[in-house]
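Please look over this model with me. I want to know what stands behind each label.

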Amino acid sequence: MVAKASLLLLLVVSVATVKSVQVMLEQLNHCTSNGVLDCNLRVRKLNRTVAAMYGNVTLQVDLGNNFLTSFSLSYSRLGNNQFNLYPFRIIPVGFCTFMNKFWGDYYPSFVQSVPQLERPGVCPVTARLLRVNDLVLDSKLFPNYMSPGLWKLQWRGTDIAAGKHFAMEVVFKMYPNGYF
């Protein structure tokens with residue numbers, strides 16, 4: 001009986017594969033605000049298979065729990081810029097709440113390229129210059145069930161009391177592993 005269970009477990013493990021993908025930045029569509037941050041970012045090709053973001057972002061105000069921040073993803077299956085909103089998102093939460101609950105998952109993937117980033121749990125994030133040096137998206141940032149195709153990430157922040165806001169939109173493409 002134990003041998004049959006072990007054989008069944010081995011069969012299930014060998015059949016259940018995790019789909020892996022490769023991710024490449026396509027473009028930074030826009031980075032707008034009314035006095036919260038200034039962006040001077042650009043996506044460039046490092047070689048045939050890698051695109052990276054470089055430039056700088058100047059935070060002009062401190063970001064605390066007074067700012068509500070949210071992330072949403074949209075998907076274009078055909079890659080023709082006809083995007084559909086995807087259910088994977090982070091709903092509007094205070095910036096300190098985001099730094100405490102979510103930022104720890106993403107921080108290791110960004111700190112190599114942007115060393116001035118604040119550590120998880122530290123809030124408020126003070127005004128500063130963030131230098132982005134060849135930021136390449138890591139496929140570990142995204143869940144395994146995301147389909148290959150064109151994706152758009154939208155990041156928004158709003159301070160309703162002060163009337164301040166910012167929005168950033170990044171387009172990237174997911175390829176099946178082994179595409180390059």
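Below are short questions and answers on the terms used for this chain.

This is a predicted model, in which local features need pLDDT of at least 70, side-chain atom pairs count only at pLDDT 80 or more, and totals for chains, interfaces and linings use all residues. Residues are numbered from 1 along each chain as its sequence is written, and side-chain values use heavy atoms, with hydrogens and water left out.

Q: What makes up the secondary structure of the chain?
A: The chain has three helices and eight strands. These are DSSP runs, numbered from the N terminus: helices are H or I with at least four residues, strands are E with at least two. The order from the N terminus is α-β-β-β-β-β-α-α-β-β-β.

Q: Why is Met 174 called buried?
A: Buried means under 20% relative accessible area, exposed over 50%, and partly exposed in between (1.4 Å probe, protein chains only). Met 174 has a relative accessible area of 1%, so the residue counts as buried. Met 174 sits in strand S8.

Q: What does Met 174 touch, not counting residues up to four places away in sequence?
A: Contact means heavy atoms within 4.5 Å. On that basis the partners of Met 174 include Val 21, Val 23, Phe 142, Met 146 and Trp 151. For Ser 139, 35 residues apart from Met 174 along the chain, the C-alpha separation is 8.5 Å.

Q: Why do Lys 152 and Glu 169 not count as a salt bridge?
A: A salt bridge needs a side-chain nitrogen of Lys or Arg within 4 Å of a carboxyl oxygen of Asp or Glu. Glu 169 is the nearest side chain of opposite charge to Lys 152, at 4.1 Å, so the pair misses the cut-off. Charge here means Lys and Arg as positive, Asp and Glu as negative; His and the chain ends are not counted. Both are buried: Lys 152 and Glu 169.

Q: How do you know that Lys 152 and Glu 169 are in contact?
A: Glu 169 is among the contacts of Lys 152, as are Asn 29, Phe 83 and Val 171. Lys 152 lies in strand S7 (residues 149-159). Glu 169 lies in strand S8 (residues 164-176).

Q: What makes the link between Glu 169 and Gln 154 a polar contact?
A: A polar contact is a pair of N or O atoms within 3.5 Å; within protein, one must be able to donate a hydrogen and the other to accept it, and residues adjacent in sequence count only if both atoms are side-chain atoms. The side chains of Glu 169 and Gln 154 are joined at 3.0 Å, so the distance meets the cut-off.
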